[in-house]
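Reader: I'd like to go through a model with you, one feature at a time. Can we start from the general idea and then look at the case at hand?

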Amino acid sequence: MDFLFDLDVKSLYTLSLNQLCITMDETTLRSLLEQLQPSLCLEILWKTLCVDDFRSKIKVDKVSSGHEMALIMSNPTPFLSYSQLTIDKIEHHGASQQTEFIDNVNFSSFFNQELFFKLVEVTNLRDQLFTLFQICVQIKGFNFPLNFAQDWIASEILDINEKVERGLKLGVFLGDSGWLNESALVLSHTYKIITTKWMCHDQKLQLLKTLQCLTKWLIVLSYYHNFKDAKIVLRHMLHTIHIIKQIEEKTLCIAYACVAVSEYYFKLQQFDEAWSWGAKAILELHKNSGHLKVIVLSHGVKVCTVLNKLNIARMLKTQMNAFKEEISDYTLYHVLLNESHYFYTIYQQQHILPWLFRNHYILLDYSRNLFGYYNLHTAMIMVEYVTLRHAVRNGFLLKFIIDDTMRCLLQAINIMHKIGLPDDNMLLVKAYQMKTLVVQDLVVGLENEYPYSIGLNDFTERIERQNIKRESREMLRKAEIFHLNFLEKNLKSAIRNTLVTAHLHTYLGRFYIFQKNYSRSKELLFRALEIKKLLLGENHISFAQTLSVLARLHVTSNKFQEAEVLYLQVIKIYQNSLDGPHLELQLTILELMEVYKNLNNTEKWNRYSNYFTWLNKTYNEWLLELQSIGIDNNCKKEDFSLEKFKCILNKCNCN
């Protein structure tokens with residue numbers, strides 16, 4: 001009976017609240033927001049703006065919803081080829097992706113600092129606050145987050161403790177909601193207050209607030225690709241971590257700080273260093289870390305996958321599945337973001353093409369709903385989707401892949417311009433670089449479209465070929481300019497001789513092979529190898545990947561003996577570094593077999609043909625093992641425990 005009574009009370013409460021929100025006016029709402037508890041204020045705002053009423057009409061299937069959004073397939077926008085997409089049509093599609101709401105109470109006019117800091121206290125309803133903030137952006141324009149941040153910086157708060165606390169909450173919220181530069185401004189100001197004005201007599205409290213500030217600051221700068229400032233913040237971060245470790249009874253959890261350092265190196269593509277800090281993050285978790293465990297483990301999955309440590313990635317992923325508590329959409333978004341590389345790699349190894357980008361479509365749907373269509377989170381997911389989709393080489397589907405990637409990429413570039421990213425921002429420049437890579441594929445398609453007579457008369461066909469060649473040359477000229485600009489801006493934005501710089505040299509080296517500028521290609525590839533040798537050594541997978549491009553250059557130049565030497569070196573590195581018969585190893589063997597075919601060396605061709613057959617035979621067994629749920633049956637440690645995590649990282653020897 002008590003249970004039925006509770007249901008009746010809840011039903012009556014919901015009915016009364018709904019009726020109140022339907023008849024709400026501006027004066028009443030303003031009064032209620034001043035008097036009521038934060039959680040009730042959020043609930044009233046949500047219902048008054050009718051957000052759920054509109055979202056109930058949206059497709060439940062997040063994969064389909066994200067797919068339609070990425071490829072501009074949703075109503076009211078008719079399906080168009082990318083070449084038909086004007087800025088107006090892209091923005092028309094963008095408008096259809098915005099959060100729908102009804103504002104009869106002039107809501108945004110009183111969404112001020114005081115209301116924000118009241119609502120931000122309700123941590124279990126943070127997802128709703130993200131949406132309310134994006135509604136303010138839709139109403140007030142893309143300068144709203146910057147103005148909001150600057151208003152807080154200019155505000156005069158006599159209580160320094162309150163200023164520090166509010167600075168951390170605002171800085172973290174802005175970073176979480178995709179306004180990275182605005183977050184960095186707030187956190188920079190907060191750090192200055194902590195280190196120059198805050199007279200705190202509790203050392204642990206001061207260290208805690210300092211670490212929280214530096215952690216989020218480093219993360220947003222790394223995601224924003226502002227490596228110049230991030231390097232300075234990193235130095236302060238490492239100093240703070242060192243002090244914390246010197247405390248005799250260490251009670252502060254530095255796991256998320258280690259994730260921030262790992263993320264910095266990940267964005268610089270220094271993946272070994274990223275894994276070193278990712279592993280530290282896992283080992284620094286406390287017993288009661290709760291949802292933080294999921295974030296830290298998912299980050300470990302991401303870094304392991306990029307390093308081809310798929311067995312460890314699989315074991316960490318299995319541990320995440322053991323977490324049974326409910327998590328917020330925001331936490332789930334970050335978990336999916338970290339896992340996207342893992343699932344992409346697994347599905348690619350299995351040749352399950354329809355599932356390759358499933359995670360990215362779901363991520364786009366989550367990002368649009370939480371942070372908004374016109375948001376940097378959304379644009380970054382689009383660029384990552386394009387990067388991975390471009391890597392799927394399929395000659396038969398090339399034209400479709402080009403069209404899909406360009407439709408998504410043009411949206412990402414438009415979003416970045418609309419929200420005010422400067423032209424020299426590395427995220428925007430990277431998007432343009434991806435556009436040049438897609439253009440290269442388009443040129444290949446154009447030049448191969450009329451390889452033979454297609455039934456036209458000779459004169460018409462000759463004119464058609466000339467037009468295609470002229471269009472191809474113009475595209476390649478623009479692509480080269482984009483590549484060189486990207487390299488120049490990268491050298492200015494970060495320290496020289498980073499892996500990012502090395503990868504850019506490799507990109508350009510591959511580009512000049514395509515252009516048949518072999519001397520320039522060789523020069524750039526040698527520079528890339530020089531940097532990678534300095535940073536990683538000659539036995540690293542990344543070094544092997546650039547060697548493989550150089551080998552292809554030799555094949556293109558008919559220097560088959562030189563190509564053979566390099567391919568053999570690449571295969572040896574892969575054999576010693578990969579934890580299974582990965583596709584990279586198999587593809588390299590096929591390329592080496594092509595070299596032996598050109599050298600008419602039947603004996604060696606047969607030898608590597610047999611090796612390839614054996615690898616292919618063991619490949620399916622390896623994939624089955626990789627997917628196995630019972631991956632650590634011998635381990636005696638409890639799932640999702642710190643002891644279990646240590647076993648995974650240290651090669652469990654329970655037996």
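Author: What follows is a short talk about confidence, helix packing, one cysteine and some aromatic rings.

Reader: Fine. What does the pLDDT say about the protein as a whole?

Author: This is a predicted model, and pLDDT is the predictor's confidence in each residue. The protein averages 84, with 83% of the residues scoring at least 70.

Reader: Which elements have the lowest and the highest mean pLDDT?

Author: The lowest belongs to helix α1 (residues 2–22), with a mean of 64, and the highest to helix α11 (residues 180–196), with 97. Look also at residues 1–7: pLDDT stays under 50 there, and the model has 0 contacts for them beyond four places in sequence. Residues 450–456 are below 50 too, but that stretch has 9 contacts in the model beyond near neighbours in sequence.

Reader: On to helix packing. At what angle do α14 and α15 pack, and how far apart are their axes?

Author: Helix α14 (residues 255–267) and helix α15 (residues 271–283) pack at about 170°, and their axes are 8 Å apart. An angle over 145 degrees counts as roughly antiparallel, so that is how α14 and α15 run relative to each other. On the α14 side the contact is made by A255, C258, V259, V261, S262, Y265 and F266. From α15 come F271, E273, A274, W277, G278, K280 and A281. Sorted by class, the contact has 10 nonpolar, 2 polar and 2 charged residues.

Reader: And how do the axes of α17 and α30 cross?

Author: Helix α17 (residues 310–321) and helix α30 (residues 642–649) have axes that come within 10 Å and cross at roughly 170°. That makes α17 roughly antiparallel to α30. I312, M315, L316 and Q319 in α17 meet K644, F645 and I648 in α30. The residues of this contact divide into 5 nonpolar, 1 polar and 1 charged.

Reader: Now a single residue. Is C136 buried or exposed?

Author: Under 20% relative accessible area means buried, and C136 has 0%, so it counts as buried. C136 lies in helix α8 (residues 126–140). Leaving out residues up to four places away in sequence, C136 touches F107, S108, F111, G141 and F144. Try S109 as well: it is 27 residues from C136 along the chain, and their C-alpha atoms are separated by 9.0 Å.

Reader: That leaves the rings. How do I read an aromatic pair, and how many does the structure hold?

Author: A pair of aromatic rings is described by the distance of the centres and the angle of the planes. The structure holds 30 aromatic pairs. Take F133 and F173: the ring centres are 5.3 Å apart and the planes are at 80°, so the pair is edge-to-face. F133 sits in helix α8 and F173 in helix α10 (residues 160–176), so the pair ties together parts that are 40 residues apart in sequence. F133 is buried at 1% relative accessibility, and F173 is buried with a relative accessible area of 1%.

Reader: What about the rings of Y611 and W614?

Author: Their centres are 6.3 Å apart and their planes are at 15°, so the pair is stacked. Y611 and W614 both lie in helix α29 (residues 602–627), 3 residues apart, about one turn of the helix. Y611 is partly exposed, with a relative accessible area of 23%.

Reader: Which residues do ring pairs link into a cluster?

Author: Ring pairs link F107, F111, F116, F117, F130, F133, F144, F148, F173, Y330, Y333 and F371 into a cluster. F107, F111 and F144 may ring a bell: they are among the residues that C136 touches.

Technical notes. Residues are numbered from 1 along each chain as its sequence is written. This is a predicted model: local features need pLDDT of at least 70, side-chain atom pairs count only at pLDDT 80 or more; totals for chains, interfaces and linings use all residues. Side-chain values use heavy atoms; hydrogens and water are left out. Axes are lines fitted to C-alpha atoms, for helices over the stretch in contact, and angles run from 0 to 180 degrees between N-to-C directions. Helices (H or I, at least four residues) and strands (E, at least two) are DSSP runs, numbered from the N terminus. Angles under 35 degrees count as roughly parallel, over 145 as roughly antiparallel, 65 to 115 as roughly perpendicular and the rest as oblique. Contact means heavy atoms within 4.5 Å. Ala, Val, Leu, Ile, Met, Phe, Trp, Tyr, Cys and Pro count as nonpolar, Asp, Glu, Lys and Arg as charged, and the others, Gly among them, as polar. pLDDT is the predictor's confidence in each residue, from 0 to 100. Buried means under 20% relative accessible area, exposed over 50%, partly exposed in between (1.4 Å probe, protein chains only). Rings of Phe, Tyr and Trp (its six-membered ring) pair if their centres lie within 6.5 Å; planes under 30 degrees apart count as stacked, over 60 as edge-to-face and the rest as tilted.
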